[in-house]
Amino acid sequence: MYKIEKNVPIAKLASKKPKYPFGQMEVNDSFFVKGDKKKKAAVCVAIYYYKKENPDVKFCTRTNDEGIRIWRTQ
């Protein structure tokens, strides 16, 4: 059974330092992330969520055997 408690304040989320430098990039800047398919997929998911908060920003990615390169295009 769970105890119901009243007036417990909501804990603040710890602010996380961004893993990738999307917010610091200017148009035509790029960076490379070394890794396998799993790492490449994680970068693409991070881009997706960044773009949800920043719809005017666009990125282009290219992968190779060593990792993925991300360019800011807009």
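## Starting from Phe59

Phe59 is buried, with a relative accessible area of 14%. This is a predicted model, and Phe59 is a handy place to start looking around it. Phe59 belongs to strand E2, which covers residues 59-63, and it is also a member of the largest nonpolar core.

Phe59 has an aromatic partner too. Its ring centre sits 6.0 Å from that of Tyr50, and with the two planes at 70° the pair comes out as edge-to-face. Unlike buried Phe59, Tyr50 counts as partly exposed, at 22% relative accessibility. The model has 7 aromatic pairs by count, and ring pairs tie Tyr20, Phe22, Phe31, Tyr50 and Phe59 together as a cluster.

## The sheet

How are the strands ordered? The sheet is open, has 3 strands and runs E1-E3-E2 with antiparallel pairing. That leaves E1 and E2 as the edge strands, each pairing on one side only. On average, neighbouring strands are turned by 20° against each other, ignoring direction. In general, strands of a sheet pair through backbone hydrogen bonds, in either a parallel or an antiparallel way.

Take the pairings one by one. E1 and E3 share 5 bridges in the antiparallel sense, and E2 and E3 are also antiparallel over 5 bridges. Arg69 in E3 is a nice spot to see both: it is the bridge partner of Phe32 and also of Arg62. To get from E2 to E3, the chain goes through a hairpin of 3 residues.

## Core and helix

Which residues make up the largest nonpolar core? There are 11 of them: Tyr20, Phe22, Met25, Phe31, Val33, Val43, Ile47, Val57, Phe59, Ile68 and Ile70. Strand E1 (30-34), helix H1 (37-53) and strand E3 (67-72) are the elements that each give two or more residues to it. As a general point, nonpolar side chains in soluble globular proteins tend to be buried together.

Helix H1 lies across E1, E2 and E3, and runs at about 20° to E3. Met25, another core member, touches Ser30, Phe31, Phe59, Ile70, Trp71 and Arg72, leaving aside residues up to four places away in sequence.

## Trp71 and its neighbours

Trp71 is in strand E3 and counts as partly exposed, with 29% relative accessibility. Its bridge partner is Cys60. The C-alpha atoms of Trp71 and Phe59 are separated by 5.5 Å, although the two residues are 12 residues apart along the chain.

What does Trp71 touch, not counting residues up to four places away in sequence? The list is Met25, Asn28, Asp29, Ser30, Lys58, Phe59, Cys60, Thr61 and Arg62. Met25 and Phe59 from that list are both in the largest nonpolar core as well.

## The cysteines

If you're wondering about disulfides, the count is 0. Why don't Cys44 and Cys60 bond? Their sulfurs are 11 Å apart, which is too far for a bond, given that a disulfide calls for sulfur atoms within 2.5 Å. Cys60 is the cysteine with the closest sulfur to Cys44, and Cys44 is likewise the closest for Cys60.

Are these two buried or partly exposed? Cys44 counts as partly exposed, because its relative accessibility is 37%. Cys60 also counts as partly exposed, at 23%.

Definitions and conventions. Residues numbered from 1 in each chain as written. Predicted model: local features only at pLDDT ≥ 70, side-chain atom pairs only at ≥ 80, totals over all residues. Heavy atoms only, no water. Buried < 20%, exposed > 50% of the residue type's maximum accessible area, 1.4 Å probe, protein only. Core = buried A, V, L, I, M, F, W, Y, C linked by side-chain atoms within 4.5 Å. Helix = DSSP H or I, 4+ residues; strand = E, 2+ residues; numbered from the N terminus. Contact = heavy atoms within 4.5 Å. Pairing = 2+ DSSP bridges. Phe/Tyr/Trp six-rings, centres within 6.5 Å; stacked < 30°, edge-to-face > 60°. Axes fitted to C-alpha atoms, helices over the stretch in contact; angles between N-to-C directions.
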